[in-house]
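Trainee: I should be grateful for a close look at one part of this model, beginning with its loops and continuing to the helices and the sheet. Please take me through it in one connected account.

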Amino acid sequence: MPIVIEDLDGGVTKVILSGRIDIAGAAEIDMPMSIVGGSRRAVVVDLSGVDFMASLGLRSVVLSGKAIMNKGGKVVLLSPQPGVLEVITTSGIDELIPVYDDLVAALAAVSPSLV
Amino acid sequence: MAGPERAPETLRITTELADLARLYPWLDEAGARFSLPKKVLHAMQVVAEEVVMNAAMHAYAPGSRGEITVRVSAQDGVAALVVEDAGPAFDPVAAAVKPPAKTLAEAKPGGHGLRFLKHYCQDISYLRTHDLNQLTLRFPY
């Protein structure tokens, strides 16, 4: 399963995506990401284990992020590999969902009370 | 770097989800056969997903089963990806790049297609031929 959801202290949720988020991978993460979007308010999406992600994977991340932000929550992306980061910056999504390389900084961005 | 010409690799798939998922392993095999650099293969996969999914979602009537043909070739340091569908004429090259959303609330899922094509490809050309949309994308390496 290319998605693991960990609820951390302080109301923060870490979503760990991994492998190839291609057509099949996106189909697997769509529902869990939708649930995260509807139920969590402080979310770090860890992309460090994602080898491939393009439009379909971004779509799932953006939809979930929109749901979180529309309810006053915060979402950030963590440590994408260079190829995935290039997709994110080319799409302009990094202007809408901040990208961090450091877990502590990412946690602080979604839940300042943790630091 | 001139080299002997190899016949293009060809994949014919339908718009069924399980069939579309064959695209990536097939691209991996085609990339290996043409010894494409990893970065070029990655660019080709990002663009291929965009173009093939766009054809699957928009070229054919909802619920119908259409066919998409994908070809990969490489020669003299340029890899080419050709995608054909039999939908109504549509030239993505003529479409304007949409400005990016300023906030996540404004953002719509998708819509990055032409931006990806222009970023990852050296050259994009569209041809309407034999009632097919034929999009050719070239990647230098």
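Mentor: Helices and strands are here DSSP runs, numbered from the N terminus, with at least four residues for a helix (H or I) and at least two for a strand (E). The model is predicted.

In chain B, the loop between strand E2 (67-75) and strand E3 (78-85) contains B:Asp76. Although B:Asp76 is not a glycine, its phi is positive, about 55°. B:Asp76 counts as exposed because it has 9 C-beta neighbours inside 10 Å, and a residue is exposed if that number is 12 or fewer. B:His130 lies in the loop between strand E4 (123-129) and strand E5 (132-140) of chain B. B:His130 is not a glycine, yet it has a positive phi of about 50°. With 8 other C-beta atoms within 10 Å, B:His130 is exposed.

A positive phi also appears in chain A: A:Gly72, which follows H2(A), has a phi near 85°. H2(A) itself has 16 residues, and at 1.5 Å a residue these should span 22 Å; the end C-alpha atoms are 22 Å apart, so the two values agree. Of the 16 residues of H2(A), 13 are buried, and the helix is thus mostly covered.

Now to the contact between the chains. It takes 23 residues from chain A and 22 residues from chain B. On the side of chain A that touches chain B, the elements giving two or more residues are helix H1 (23-39), helix H2 (55-70) and helix H3 (82-91) of chain A. H2(A) provides the largest share of that side, 9 residues. By class, that side of chain A has 11 nonpolar, 7 polar and 5 charged residues.

The sheet of chain A completes the account. Its 5 strands form an open sheet with mixed pairing, in the order E1-E2-E3-E4-E5. Strand E1 (3-7) and strand E5 (99-100) of chain A are the edge strands, each pairing on one side only. Strand E4 (residues 74-78) of chain A runs parallel to E5(A), and 2 bridges join them. A:Leu77 stands opposite A:Val99, which is in E5(A). H3(A) packs on this sheet, where it touches strand E3 (42-53), E4 and E5 of chain A, and its direction makes about 115° with that of E3(A). Helix H4 (residues 103-110) of chain A also lies across E3, E4 and E5 of chain A, running at about 165° to E4(A).

Methods. Residues are numbered from 1 along each chain as its sequence is written. Chains are lettered from A and ligands numbered from 1 in the order in which they are written. This is a predicted model: local features need pLDDT of at least 70, side-chain atom pairs count only at pLDDT 80 or more; totals for chains, interfaces and linings use all residues. Two residues are in contact if their C-beta atoms, placed from the backbone, lie within 7 Å. Ala, Val, Leu, Ile, Met, Phe, Trp, Tyr, Cys and Pro count as nonpolar, Asp, Glu, Lys and Arg as charged, and the others, Gly among them, as polar. The expected span of a helix is 1.5 Å times one less than its number of residues. A residue is buried if 20 or more other C-beta atoms lie within 10 Å of its own, exposed if 12 or fewer, and partly exposed in between; C-beta atoms are placed from the backbone. Two strands pair if DSSP finds at least two bridges between them. Axes are lines fitted to C-alpha atoms, for helices over the stretch in contact, and angles run from 0 to 180 degrees between N-to-C directions.
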